[in-house]
Amino acid sequence: MGKIRIYNLAKELDKDSKELLDILDDLGIEVSSHMSTITDETAELVKAMYKEDDETAVEEITETETETAEEIKETENAEESDTEEVEVLDAVEIETPITVKEFAEKIDKQANNIIVELMNLGVMANVNQNLDEETLELLADELGIKIKLMSEEEEIKSMRIGPEIEDKAEDLEARPPIVTVMGHVDHGKTTLLDVIRKSRVAVAGSEAGGITQHIGAYQAEIDDKKITFIDTPGHEAFTAMRARGAQLTDIAILVVAADDGIMPQTEEAINHAKAAGIPIIVAINKIDKVNAQPERVKQELTEYGLVPEDWGGNTICVNVSALQETNIDELLEMIILVSEMEELKANPKRLAEGVVIEAELDKGRGPVATVLVKNGTLQVGETLLAGLTCGRVRAMFDEFGENIEKAGPSTAVEVLGLNDVPNAGDFVQVLEDEKKAKNVAAERQAEKRQQEIKQDAKVSLEDLYKQI
Ligand code: GDP
Ligand code: MG
């Protein structure tokens, strides 16, 4: 059965993809975004609805076609479940340890009902008892809910102080996509990032001469549109991010060497991107090589549910040679295309929030953190809370080593002024209240020490048993 991306169908019909999403919703077909695909059969149904001239006719068809829609809905939804890892994102976050009572509250159920469910599972528990992870998983299965377990330590670092602020629609502005390059070792990630950096980074001021510092990220430009590339070792940053439930990137570029095909880290990268629910663009690299077999790579991709567009699927693949700089612009254009479909927006007027992508202790400058601003604008002088540490932003530098005062959404900046070195992946937030930032950082540090003590105690007890 053929498939079509909703975005493409909307284009074909010259309609807004939001409108199509509404129609699909009316038909009871679950789709997550206009990047999702629907079967040709469903597409025909949608097209048929538009063939009628006036609105009422459309409604009539909705009525008469409901039965077909019912059937289609079943196939569509069955296919959706292939991407189960993606669905984990909608799961209820459970911070462990958690008691029966707390769990019940979290999922809006009576504690008594949970106790009964537990009894059905052969577990006798009272309301104040802690549930272990295995029991939580079983329980979730039994209740038909999805949960995502977060250990206390992970939670400490990802914690946002205060509620998540919803941005008003009128404050939102388009922002550049944040892109990570992933793939197996030696498939050409570094070469690709270097060639993009070399050829596509806008020269900021003549004196900088286009020489970029290594700050873990840079912005490339194509047709006046910006793309933020993360060039820290992709996997580490990505894994750290995911562990904290935060989303670092918007689009993943999967580099696959055409002479080697899909390898273990390629598969890992695919799983990461799928779990994060972000679109994947495949750069089939090293096509200059005599033994390059791009078609074989495409074949292999289908086995991972990534069906190339020219094979009737919706995965964008670009044949490139990073070494010979072939098709690099095409790849960048595809990134822009996908980012436009994603309608990435941020509110530059709010206090900044972001993520640490790299951090180190510099002999002369003290703790230096590269922060990727995800929303808001970060400014010199503001108070930053970053994981277990905080501090007043003393100075900021861009990828050219230039002093800057402000950093807007999707930009990475080197930040000076934190009291300590945060970890890559730490959530970063500007707080108006410096005292509060200090208190929160102190609390988090105390909590972490507490955990380490607990851990140590456990280990020494185990050692003791071993000796007996
Ligand atoms: P990474 O481990 O994924 O970062 O891979 P690298 O960028 O370090 O590349 C590994 C090797 O492949 C290096 O020797 C590169 O010169 C080479 N390489 C990268 N891209 C290409 C390409 O497009 N064609 C050819 N022939 N070699 C490439
Ligand atoms: Mg490399």
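In this predicted model, Val181 stands opposite Ile253 of strand 11. The strand on the other side of this pairing is strand 8, residues 178–183, and 5 bridges join strand 8 to strand 11, residues 251–257. The two strands run parallel.

**The sheet**

Strands 8 and 11 belong to an open sheet of 6 strands. The strand order is 9-10-8-11-12-13, and the pairing is mixed. At the edges are strand 9 (217–222) and strand 13 (316–319), each of which pairs on one side only. From one strand to the next, the twist averages 30°.

Helix 11, residues 189–200, packs on this sheet. The helix touches strand 8, strand 9, strand 10 (225–230), strand 11 and strand 12 (280–285), and its direction makes about 60° with that of strand 9.

**Pairing around strand 10**

Strand 10 is joined to strand 8 by 3 bridges, and these two strands run parallel. Thr180 has Ile230 of strand 10 as its bridge partner. Strand 10 is also joined to strand 9, by 6 bridges, and here the strands run antiparallel. Ile230 appears again in this pairing, as the bridge partner of Ala217.

How many residues lie between strand 9 and strand 10 in their hairpin? There are 2 residues between them, and Asp223 in the turn has a positive phi of about 50°.

**The ligand site**

Ligand 1 is surrounded by 15 residues, and the closest are Asp186, Lys189, Thr190, Thr191 and Asp288. Which element supplies the largest share of the shell around ligand 1? Helix 11 does, with 3 residues. Helix 11 is also the helix that packs on the sheet. By residue class, the shell divides into 3 nonpolar, 7 polar and 5 charged residues.

Polar contacts to oxygen atoms of ligand 1 include those in the table below, from backbone and side-chain atoms.

| Residue | Polar atom of the residue | Distance to an oxygen atom of ligand 1 |
|---|---|---|
| Gly188 | backbone | 3.0 Å |
| Lys286 | side chain | 3.0 Å |
| Ser321 | side chain | 3.2 Å |

Gly188 thus contributes a backbone atom, whereas Lys286 contributes a side-chain atom, as does Ser321. Taken alone, ligand 1 exposes 570 Å², and the protein buries 74% of that area.

How values were computed:
Residues are numbered from 1 along each chain as its sequence is written. Chains are lettered from A and ligands numbered from 1 in the order in which they are written. This is a predicted model: local features need pLDDT of at least 70, side-chain atom pairs count only at pLDDT 80 or more; totals for chains, interfaces and linings use all residues. Side-chain values use heavy atoms; hydrogens and water are left out. Two strands pair if DSSP finds at least two bridges between them. Helices (H or I, at least four residues) and strands (E, at least two) are DSSP runs, numbered from the N terminus. Axes are lines fitted to C-alpha atoms, for helices over the stretch in contact, and angles run from 0 to 180 degrees between N-to-C directions. Contact means heavy atoms within 4.5 Å. A residue is near a molecule or strand if one of its heavy atoms lies within 4 Å of it. A polar contact is a pair of N or O atoms within 3.5 Å; within protein, one must be able to donate a hydrogen and the other to accept it, and residues adjacent in sequence count only if both atoms are side-chain atoms. Accessible areas come from the Shrake-Rupley method with a 1.4 Å probe; for residues, only the protein chains shown count as cover. Ala, Val, Leu, Ile, Met, Phe, Trp, Tyr, Cys and Pro count as nonpolar, Asp, Glu, Lys and Arg as charged, and the others, Gly among them, as polar.
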